[in-house]
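User: Could you take a close look at one part of this model for me? I would like to understand the place where the chains meet, and what lies around it.

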Number of protein chains: 2
Amino acid sequence: MSSIPQQSTLPLSSAPQLSYHHSDANIQGLINDIQTRGEDIKWTSEPTTCTSRSSTRHSPASGDQVPKAVFWPKNTGQVAEILRACWERRIAVSSYSGGTSLGGALTASRAGICIDFSSMNEIGEVWEDDAMVSVQPGVGWMELNEKLERDGTGLFWPVDPAPGAKVGGMIAMSCSGTNAYRYGTVKNWIISLTLVLADGTIVKTRNRPKKSSAGYDLNALITGSEGTLALITTAILKLAPLPTNLHVGLSTFPSLQHGLSTALALLKTSALSLEAIELADQNALTAIQTSSLAPGRQWSQTPTLFLKFSGASQEAVSSQIALTSAVCEANSGTPLEASSSQAFIATVWGGRKCLGNALVGMKRAPSDLFLTTDAAVPSSQVARLAEESARIVREECAGEEEGWFCASVAHVGDGNVHTAIVCGEGEGARAEKVVRGIQRVALALEGTATGEHGVGLKLRDLLEEEVGKEGVDLMRNIKFALDPRGILNPDKVVRLKEGF
Amino acid sequence: MSSIPQQSTLPLSSAPQLSYHHSDANIQGLINDIQTRGEDIKWTSEPTTCTSRSSTRHSPASGDQVPKAVFWPKNTGQVAEILRACWERRIAVSSYSGGTSLGGALTASRAGICIDFSSMNEIGEVWEDDAMVSVQPGVGWMELNEKLERDGTGLFWPVDPAPGAKVGGMIAMSCSGTNAYRYGTVKNWIISLTLVLADGTIVKTRNRPKKSSAGYDLNALITGSEGTLALITTAILKLAPLPTNLHVGLSTFPSLQHGLSTALALLKTSALSLEAIELADQNALTAIQTSSLAPGRQWSQTPTLFLKFSGASQEAVSSQIALTSAVCEANSGTPLEASSSQAFIATVWGGRKCLGNALVGMKRAPSDLFLTTDAAVPSSQVARLAEESARIVREECAGEEEGWFCASVAHVGDGNVHTAIVCGEGEGARAEKVVRGIQRVALALEGTATGEHGVGLKLRDLLEEEVGKEGVDLMRNIKFALDPRGILNPDKVVRLKEGF
């Protein structure tokens with residue numbers, strides 16, 4: 001029986017005490033349970049697992065934040081078996097698919113066990129006429145799109161985060177990428193989910209209608225819940241027709257604000273069906289030029305707008321390009337360079353795509369630190385956020401011999417700005433303070449600290465600054481309602497215990 | 001303290017007993033509370049209210065299902081005052097904005113009181129560069145779009161349900177309309193909500209970034225919750241640029257399946273940016289022709305596809321129209337008639353838009369009954385659902401002198417089919433049975449009983465057939481977590497008590 005006071009929200013001070021039973025004996029008991037039930041589930045209790053890799057790569061974990069066992073289930077029933085046993089034994093469960101997330105969502109903060117979805121990587125039925133596909137959570141979005149192309153379906157799943165990301169984690173983290181301006185984020189591309197809840201209950205959120213008003217939107221509640229409310233074991237995804245007559249274009253500007261003004265004018269023009277619109281600042285272009293990742297072009301080291309167009313015909317795209325070029329020039333930009341040639345697309349869009357690695361390449365020494373932000377603001381504030389970010393970095397290292405490198409690139413249609421910072425090995429604490437300063441600027445500009453990477457462990461305090469204590473207390477109430485023992489990815493999104 | 005057993009779901013048999021205190025003295029105490037707190041809130045305890053109107057129109061209420069008082073708050077703080085007092089006094093609260101919903105979501109099933117949002121009808125700030133607007137819940141979508149047009153913003157809010165619908169109710173019911181294929185449903189057009197929870201807590205779900213991964217998606221949880229989880233007191237809405245070079249087109253087909261095959265082919269063609277795609281069956285066209293609502297045209301009484309196009313230029317639209325016409329003809333349709341002339345658009349799209357009234361016009365006597373369904377299936381199953389629906393109606397009145405009238409019109413891009421049935425005054429029970437049969441066919445075709453109208457009181461059992469007992473039990477768990485006293489629009493979406 002619960003001792004939670006009955007209110008619409010659950011303040012941390014009123015949260016029930018959680019207890020986890022992570023003794024070696026209880027973990028061994030869990031392993032025995034599962035074997036006894038006759039489930040053929042691969043497992044290990046060695047620490048050299050996927051999860052410690054992810055901890056190392058993305059979410060530095062302290063020595064006691066390593067799961068004591070990892071399981072590789074193969075289907076929904078096996079995931080339910082594991083969760084039922086963990087629920088009974090009060091064992092915390094983190095989960096893992098692609099391991100590309102940032103911000104600590106993968107950290108096994110209470111140790112416990114990890115469920116690795118890499119054995120659940122089957123692409124199921126493809127309904128071509130309905131533009132839908134059923135997949136297991138361990139399927140990568142690139143693998144899925146390669147299969148859809150190989151099979152000549154003319155369809156794709158238009159969600160493009162980091163290359164290694166898998167469907168389960170993508171949904172859990174509410175991810176997106178450069179396609180989000182045109183197609184929306186992952187939540188727009190989910191038809192139905194099969195979920196396993198904390199106590200092992202299996203729920204299928206929907207049949208597969210494209211549109212539904214049938215009760216609370218469980219798809220949307222689980223999307224972005226970072227493994228804290230349920231584990232996703234099957235997803236029916238919505239697909240889009242592949243764009244035709246794809247062209248890429250580029251224009252450069254005397255200032256970031258000029259580039260932004262252009263973007264805002266384009267975003268208001270319904271006559272365009274832009275596939276993507278990305279704005280990079282001067283230092284980002286320096287990084288592209290400095291790297292050898294986008295050869296074949298002398299990159300102008302000035303603020304640059306990268307665009308993708310598609311349309312019914314060559315003529316339909318040409319009229320979009322003409323219109324866009326006029327808007328660029330009216331805002332002091334260079335005439336739009338645009339082409340559908342493979343070489344041009346590979347070079348110019350390749351420039352935008354290599355940016356992540358090009359920015360990391362601005363490290364002067366391999367031991368230098370690389371940090372990145374994920375704030376999102378109303379689109380009109382994108383230049384201000386990027387410029388304030390650069391100012392904060394400049395002021396932090398004013399008077400120092402070698403300043404820090406700082407560059408910004410924006411998914412400008414969504415107002416989502418990634419500011420990259422490179423600084424020396426010993427500057428971690430100062431750099432984190434700078435990042436926090438940038439995130440607070442985003443909040444002051446009516447934005448969020450996280451447009452697409454999620455809250456994890458790192459942004460919990462900023463979440464409270466954004467949605468208030470009441471907003472966080474409401475989320476915590478939902479968490480404890482669905483997972484009263486706090487076993488699913490504890491401590492992520494909202495705190496379950498003071499000081500944790 | 002709660003006596004809810006700690007699980008991830010809450011079966012009806014485990015739900016706590018609710019008690020409402022709806023004595024005249026307690027209601028009078030509530031009115032006194034609010035007056036004492038100095039809030040200038042209009043109220044009445046006469047039964048001739050908006051809510052009884054809605055009950056009469058849409059949700060036939062029994063004599064004891066009429067609210068004992070109605071309040072007209074003017075701002076978030078006043079709504080919070082009312083809810084805090086109702087929470088303390090255990091008084092049930094229904095809410096009302098446009099009153100266009102179907103299926104019983106407006107019924108004051110436990111009497112209690114009603115909050116009417118018609119005094120919260122202000123359009124607040126418009127951020128043109130960000131394509132956003134802040135509104136109170138009593139604003140109508142048509143008023144909003146008229147203001148945006150009057151102000152020359154070039155923007156609109158692309159959610160088009162019944163003409164009288166208001167923003168608060170539209171969000172609460174997860175509505176959509178003919179624009180949903182192109183623009184998505186209401187949930188795609190919400191940036192941020194200000195909510196009042198059952199106990200009076202005020203939560204603002206977000207600042208106003210276009211994209212966010214900041215915690216659980218409270219916008220989406222509240223959208224479609226039918227007033228059972230929170231009341232919406234402000235919404236920041238996302239706007240879209242108005243389409244340019246609008247054309248309307250029409251093609252007719254020898255069978256509904258031919259029209260559907262055409263639609264499916266068009267939906268797979270990324271080269272098109274269709275603004276709308278609607279499929280009506282032969283009897284629907286008979287209704288248009290029979291009515292005098294769409295004059296100026298001899299309507300072919302055959303299955304018909306209605307289309308809207310837009311684009312960057314006249315040429316861009318022409319290439320879409322050429323492509324579409326070829327697809328129609330390849331599927332035995334007539335060559336596409338298409339034009340941007342005001343007269344053609346008024347006549348042809350007017351034909352589609354008058355359908356609701358034209359179908360009601362098929363009553364032979366004013367006392368005849370008119371029923372409509374709202375099922376949604378995978379798009380490929382649209383013709384099958386419509387044809388099965390017609391068959392069920394035919395079989396129900398086989399051998400009778402005058403058969404029932406039955407016609408279907410589909411938001412075919414979303415797979416959402418409205419089948420209208422007209423039958424005699426005394427045939428209510430048989431007609432409800434027929435409707436249930438059609439809804440079950442939709443479930444068998446992997447669809448839902450409600451694509452855009454919501455669950456209300458009428459579809460609770462079918463919701464369980466669709467998402468299983470576990471799915472409903474999960475929704476009930478969320479309901480009781482946020483509203484443990486069950487005061488917000490009780491009995492809608494999920495049952496709170498056996499037999500209610």
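What follows is a walk through the contact of chain A with chain B, seen mainly from chain A.

Analyst: Happy to! Please keep in mind that this is a predicted model.

Let's start with the extent of the contact. The size of an interface is often given as the accessible area lost when the parts come together. Here chain A and chain B bury about 8100 Å² between them, and carbon and sulfur atoms account for 55% of that area. On the side of chain A, the residues that lose the most area to chain B are Gln6(A), Lys211(A) and Tyr216(A), which together make up 12% of what that side buries. In residues, the contact draws 99 from chain A and 100 from chain B.

Lys211(A) deserves a second look. Besides its place among the residues that lose the most area, Lys211(A) forms a salt bridge with Asp414(B), with 3.5 Å between the closest N and O atoms. The interface of chain A and chain B has 10 salt bridges, and 36 residue pairs are in polar contact between these chains, both partners being at pLDDT 80 or more.

Which elements of chain A supply this surface? Strand S9 (202–204) and helices H7 (218–222), H8 (256–267), H10 (314–330) and H15 (460–482) each give at least two residues to the side that touches chain B. H15(A) gives the most, with 12 residues. By class, this side of chain A has 39 nonpolar, 41 polar and 19 charged residues.

Two of those helices also pack against each other. The axes of H8(A) and H10(A) are 9 Å apart, at an angle of about 145 degrees, and their crossing is right-handed. H8(A) brings Thr262(A), Ala265(A) and Leu266(A) to this contact, while H10(A) brings Thr324(A), Val327(A) and Cys328(A). That makes four nonpolar residues, two polar ones and no charged ones.

Finally, a look at salt bridges in the wider structure, which holds 60 of them over all chains. One pairs Glu402(A) with Arg364(A), at 3.5 Å from N to O. Glu402(A) sits in the loop between helix H13 (382–396) and strand S18 (405–411) of chain A, and Arg364(A) in the loop between helix H12 (355–360) and strand S16 (369–372) of chain A, so the pair ties together parts that are 38 residues apart in sequence.

Conventions
Residues numbered from 1 in each chain as written. Chains lettered and ligands numbered in written order. Predicted model: local features only at pLDDT ≥ 70, side-chain atom pairs only at ≥ 80, totals over all residues. Heavy atoms only, no water. Contact = heavy atoms within 4.5 Å. Buried area = accessible area lost by both parts, 1.4 Å probe. Salt bridge = Lys/Arg side-chain N within 4 Å of Asp/Glu carboxyl O. Polar contact = N/O pair within 3.5 Å; in protein donor to acceptor, adjacent residues only side chain to side chain. Helix = DSSP H or I, 4+ residues; strand = E, 2+ residues; numbered from the N terminus. Nonpolar A, V, L, I, M, F, W, Y, C, P; charged D, E, K, R; others polar. Axes fitted to C-alpha atoms, helices over the stretch in contact; angles between N-to-C directions. Left-handed = near helix turned anticlockwise from the far one by under 90°.
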